[in-house]
Amino acid sequence: MNIKGFRRMLFGEEMPDKNAPENKERYERDVNAGRKFAKAMRIDKAAFTVQSFATNHRKTFLVIVIGFMLACFGWNVYRLMLVYNHRVPQQTATERQDSILRKMHMPLEKKMFNPQSNEYENN
């Protein structure tokens, strides 16, 4: 790739002017397609309902939106702290296999089942 291709990839292409005569028809066609899609999916009615609620109840709408943002932020912090504080004992695969083999090969007369921990243990 040449330098111009990298620059175009990083910074993107310039947006065409919507008022320019060569782009005006394309712009109007795209806007009409977007309006038609919004009408078919009833996004326009949902946006109108939300906008009218926000206009009529400004403080309530702000409390709902900011409360939702704070709840999402709090949930993220909570999950980060759970992951950060989760301590898994560091044990290699060989150590795990050895401990399992030791439990399996204990003499049978010395094993006693403990129903609280669901494991066999020594007397």
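**Pocket, rings and helices**

Colleague: How do the residues lining the largest pocket divide into nonpolar, polar and charged?

Modeller: The lining has 4 nonpolar, 1 polar and 4 charged residues. Ala, Val, Leu, Ile, Met, Phe, Trp, Tyr, Cys and Pro count as nonpolar, Asp, Glu, Lys and Arg as charged, and the others, Gly among them, as polar. This is a predicted model, where local features need pLDDT of at least 70, side-chain atom pairs need 80 or more, and totals for chains, interfaces and linings use all residues. Residues are numbered from 1 along each chain as its sequence is written, and side-chain values use heavy atoms, leaving out hydrogens and water.

Colleague: Which residues line the largest pocket?

Modeller: They are Met15, Pro16, Asp17, Lys18, Asn23, Arg26, Tyr27, Asp30 and Val31. Lining residues have an atom within 4 Å of a pocket point; on a 1 Å grid over the protein atoms alone, a pocket is an open set of points where a 1.4 Å probe fits, with protein on both sides within 12 Å along at least five of seven lines.

Colleague: The structure holds 1 aromatic pair. Why is the pair of Trp75 and Tyr78 called tilted?

Modeller: Rings of Phe, Tyr and Trp (its six-membered ring) pair if their centres lie within 6.5 Å; planes under 30 degrees apart are stacked, over 60 edge-to-face, and the rest tilted. Here the centres are 5.5 Å apart and the planes at 40°, so tilted is the right word.

Colleague: What separates Trp75 and Tyr78 along helix α4?

Modeller: About one helical turn, because they are 3 residues apart in α4. Helices are DSSP runs (H or I, at least four residues), numbered from the N terminus.

Notes. Helices (H or I, at least four residues) and strands (E, at least two) are DSSP runs, numbered from the N terminus.
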